[in-house]
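Me: I am new to this structure. Please take a close look at one part of it, and then set that part in the context of the rest.

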Amino acid sequence: MATATGDTPAIPADRGRRLAEVILASSRRAGLGPGSRLPTERQLAADLGATRTTIRRALAVLEAEGHISREVGRGTFLRDARWARAGADGGGGPGAGDGGPAAGAGAARGQNPGGSAGFAPADVMAIRRMLEPSAMRLVVAWATAADFGEMDRCLAGGEQADGYDEFELWDLALHRCIMAASHSPLLARLYAVIEDARHGQFWGDLKRRSASRERQRLYQADHRELVAALRARDADRAVEAMRTHLARVSSHLFDEAG
């Protein structure tokens, strides 16, 4: 059986996410806004009574979800909230201010907090394979230059990911921003339930057991092809690219489990 990549000890996803929310809430209470620099990892660890490894995981969550940017030699900065994943604070994300996709995503979480995390992985995968390929036609029609910039950011994050946990964050982020690029509040609301299920323990355990460096490389190649098809405004190619990618993921998940 394949093993997870990377040598860094795994930190439970919910622990990293909870700490990410604490960091974000603390920065806002301090009056920090877009462009403001966050304290160093060392300072955050001292302030929050956490290890630097755990702080690093929380910052990785915030970066993948669009809340922060990390610049080598300069520090960590808060980003424009319109690119942030709804859920950490109940807002943000593309379109949140005008009832757009992120507003719908936040609403979905509010209606069923934590309920979707226990869905069976086979059910999650079946619905993803029904929903995501068809959605590519909307993305081709409505994605903006800013949306493609965000996709490129997530692709770059996946390329630079150090091990399974970090790659999974960027994988989630890429699929999220692709679906948000449909600019459909209803679609984003539906996808929010799927995304929450991917944060659940059942999905996470299965995905981790099926992980390998070679599979990570294949997924990243799929992602590049998908974004290229979307950028070319080729709907048929984008639909096929998403179908191919999800079929690969499904095969890896359930062949390994069987």
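**A close look at helix H3**

Reply: In H3, the buried residues are Thr54, Ile55, Arg57, Ala58, Leu59, Ala60, Val61, Leu62, Glu63 and Ala64. That is ten of the 13 residues of the helix, and H3 is accordingly mostly covered. The model described here is a predicted one. The buried set includes charged residues, Arg57 and Glu63.

The length of the helix can be checked. H3 covers residues 52-64, and at 1.5 Å a residue its 13 residues should span 18 Å; the C-alpha atoms at its two ends are 18 Å apart, so the expected span and the modelled one agree. After H3 comes Gly66, which has a positive phi, near 90 degrees.

One partner of H3 is helix H2, made of residues 41-48; the two axes come within 9 Å and cross at roughly 110 degrees. This angle makes H2 roughly perpendicular to H3. On the H2 side the meeting residues are Glu41, Arg42, Leu44, Ala45 and Leu48, and on the H3 side they are Arg52, Ile55, Arg56 and Leu59. By type, the residues of this contact divide into five nonpolar, no polar and four charged. Ile55 and Leu59 thus appear both in the contact with H2 and among the buried residues of H3.

Now the setting. The protein has eleven helices and two strands. Read from the N terminus, the order of elements is α-α-α-β-β-α-α-α-α-α-α-α-α, which places H3 directly before the two strands. Of the 258 residues in the protein, 49% are buried. Where contacts join residues at least 6 apart in sequence, 72% of them are between residues at least 24 apart.

The largest nonpolar core has 56 residues, and the members that touch the most others are Ile23, Met136, Met151, Ile178 and Leu230. Take Met136, whose number falls within helix H5, residues 121-142. Leaving out residues up to four places away in sequence, Met136 touches Ile178, Met179, Leu226, Leu230, Ala238, Val239 and Met242. Ile178 and Leu230 are therefore partners of Met136 as well as being named with it among the core members that touch the most others. By residue number, Ile178 and Met179 belong to helix H7 (164-180), Leu226 and Leu230 to helix H10 (213-231), and Ala238, Val239 and Met242 to helix H11 (residues 235-257).

H5 also meets helix H9, residues 201-209; their axes come within 9 Å and cross at roughly 85 degrees. The two helices are therefore roughly perpendicular to each other. Pro121, Val124, Met125 and Arg128 of H5 face Phe202, Trp203 and Leu206 of H9 in this contact. Its residues divide into six nonpolar, no polar and one charged.

At the start of H11 is Ala235. With a relative accessible area of 18%, Ala235 falls under the 20% limit and is buried. Apart from neighbours within four places in sequence, Ala235 is in contact with Arg137 and Val140. The C-alpha atoms of Ala235 and Val140 are separated by 6.0 Å, although the two residues are 95 apart along the chain.

H7 and H8 pair in another way: their axes come within 10 Å and cross at roughly 170 degrees. This makes H7 roughly antiparallel to H8. From H7 the contact takes Glu168, Asp171, Leu172, His175, Arg176 and Met179, and from H8 it takes Leu187, Tyr191, Glu195 and Arg198. These residues divide into four nonpolar, one polar and five charged. Met179 therefore takes part in this contact and also touches Met136.

Two loop residues deserve a note on backbone angles. Most residues other than glycine have a negative phi. His183, which is not a glycine, has a positive phi of about 55 degrees; this residue is in the loop between H7 and H8. At 34% relative accessibility, His183 is partly exposed. Arg233, also not a glycine, has a positive phi of about 60 degrees and lies in the loop between H10 and H11. Arg233 is partly exposed as well, at a relative accessible area of 39%.

Definitions and conventions
Residues numbered from 1 in each chain as written. Predicted model: local features only at pLDDT ≥ 70, side-chain atom pairs only at ≥ 80, totals over all residues. Heavy atoms only, no water. Core = buried A, V, L, I, M, F, W, Y, C linked by side-chain atoms within 4.5 Å. Buried < 20%, exposed > 50% of the residue type's maximum accessible area, 1.4 Å probe, protein only. Contact = heavy atoms within 4.5 Å. Helix = DSSP H or I, 4+ residues; strand = E, 2+ residues; numbered from the N terminus. Expected span 1.5 Å × (residues − 1). Axes fitted to C-alpha atoms, helices over the stretch in contact; angles between N-to-C directions. Parallel < 35°, antiparallel > 145°, perpendicular 65-115°, else oblique.
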